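Subject: Structure for your files

Hello,

Here is the structure I said I would pass on. My notes on it follow below.

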Amino acid sequence: MSLNEINNVIVKTEIAKGKSVVPILQNICRWSRTYKKIDVLVKNSNAAFSHVISAYYAGIGTIGDSHNLITKEFGPGVRIVSVLTDAPIEPDPKLEKNLCIHCKKCLRSCPSQYFKEVKGSIYDMDKVKCTEYHVKLKNEHHWPCGICANICPIGDDLKIYRKVKDVTLKGIKHCQAFGS
Ligand code: SF4
Ligand code: SF4
């Protein structure tokens, strides 16, 4: 079941209980597996809602210097959908400790160098240029980038992969050039 389908089940369940709900699905560019709609974000990169910020306030993780949501369990390796509701749900507390360790790996690894350091804050990021890079990759029939998420050292799940020896320099350079 996809995340949007799970969102749909939650919405139907809450409506059946008489609650008000507003489903917020994944980004439009992810509606097709080939990211065909990603050009929309180049033309208009503004969003009325942020899954990342809502997930932070929901206590799921913190916001890394890369602007990605970072969770203890999976680092930035998460996908999010949201449901706005008046259902009386016990809130989780926001995480007090920032999970980002400011290691700068995302800053250094971004193939297009769209991050800029800002003292005392998360990096400044040119989101339009980042998206244009995704469009370039898509037009070359590659998967979108995501290196800033892939390179992040946070996440308990990485303990398994750290034992894997077959990550090669050639493979890393390929991912940096082609996104995946
Ligand atoms: S997705 Fe790729 S291009 Fe965009 S900020 Fe992350 S590393 Fe840079
Ligand atoms: S790669 Fe390092 S600096 Fe970037 S978000 Fe992850 S922990 Fe923070």
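A term first: helices, as used here, are DSSP runs of H or I with at least four residues, numbered from the N terminus. By that convention, His141 comes just after H5 and takes a positive phi of about 65°. Please keep in mind throughout that this is a predicted model.

Overall layout

The protein contains eight helices and six strands. Read from the N terminus, the order of the elements is α-β-α-α-β-β-β-α-β-β-α-α-α-α. The protein has 180 residues, of which 18% count as buried. Among contacts with a separation of 6 or more, 66% are between residues 24 or more positions apart.

The nonpolar core

The largest nonpolar core consists of 15 residues, and Ile70, Cys106 and Cys110 have the most contacts inside it. At least two residues of this core come from each of strand S3 (69-70), H5 and H6. Leaving aside residues up to four places away in sequence, Cys106 touches Asp65, Ser66, Phe115, Cys148, Ile151 and Cys152.

The two ligand shells

Around ligand 1 are Cys110, Pro111, Ser112, Tyr114, Met125, Cys130, Tyr133, Cys145, Gly146, Ile147 and Cys148. Helix H5 (127-139) and helix H6 (147-150) are the elements that give two or more residues to that shell. By type, the shell around ligand 1 has nine nonpolar residues, two polar and no charged.

Ligand 2 has 13 residues around it, and those that come nearest are Gly64, Cys100, Cys103, Cys106 and Cys152. The shell around ligand 2 divides into seven nonpolar, three polar and three charged residues. Cys106 thus appears both among the nearest residues to ligand 2 and among the residues with the most contacts inside the core. Cys110 is likewise listed both for the core and for the shell of ligand 1.

Two helices

Helix H1 covers residues 3-16, which makes 14 residues, and spans 20 Å from its first C-alpha to its last, close to the 20 Å expected at 1.5 Å a residue. How many of the 14 residues of H1 are buried? The number is zero, so H1 lies largely in the open. Just after H1, Gly18 has a positive phi of about 85°.

H5 has 13 residues and reaches 18 Å from first C-alpha to last, close to the 18 Å expected at 1.5 Å a residue. Its buried residues include Cys130, Thr131, His134 and Leu137. These cover an arc of only 110° around the axis, which puts them on the same side of H5. One of them, Cys130, also belongs to the shell around ligand 1.

Two histidines with positive phi

Most residues other than glycine have a negative phi. His102 has a phi near 55°, a positive value in a residue other than glycine. His102 sits in the loop between S4 and helix H4 (105-109). Is His102 buried or exposed? It is exposed, because 12 other C-beta atoms lie within 10 Å and the cut-off for exposed is 12 or fewer.

His141, mentioned at the start, lies in the loop between H5 and H6. Its phi is near 65°, again a positive value in a residue other than glycine. His141 counts as exposed because it has 8 C-beta neighbours inside 10 Å.

Two loop residues

Lys19 is placed in the loop between H1 and strand S1 (21-24). With 15 C-beta neighbours inside 10 Å, Lys19 counts as partly exposed. Apart from residues up to four places away in sequence, Lys19 touches Glu14, Thr85, Asp86 and Ala87. Lys19 and Pro88 are 69 residues apart in sequence, while their C-alpha atoms are 9.3 Å apart in space.

Val81 lies in the loop between S3 and strand S4 (82-85). Val81 counts as partly exposed because it has 18 C-beta neighbours inside 10 Å, and buried requires 20 or more. Its contacts, not counting residues up to four places away in sequence, are Leu3, Asn4, Asn7, Ile24, Leu25 and Gln26. From Val81 to Val52 the C-alpha separation is 9.6 Å, with their positions 29 residues apart in sequence.

Regards

Key: Residues are numbered from 1 along each chain as its sequence is written. Chains are lettered from A and ligands numbered from 1 in the order in which they are written. This is a predicted model: local features need pLDDT of at least 70, side-chain atom pairs count only at pLDDT 80 or more; totals for chains, interfaces and linings use all residues. A residue is near a molecule or strand if its C-beta atom, placed from the backbone, lies within 6 Å of it. Ala, Val, Leu, Ile, Met, Phe, Trp, Tyr, Cys and Pro count as nonpolar, Asp, Glu, Lys and Arg as charged, and the others, Gly among them, as polar. Two residues are in contact if their C-beta atoms, placed from the backbone, lie within 7 Å. A nonpolar core is a set of buried Ala, Val, Leu, Ile, Met, Phe, Trp, Tyr and Cys residues joined through C-beta atoms within 7 Å. The expected span of a helix is 1.5 Å times one less than its number of residues. The arc is that of the directions from the helix axis to the C-beta atoms.
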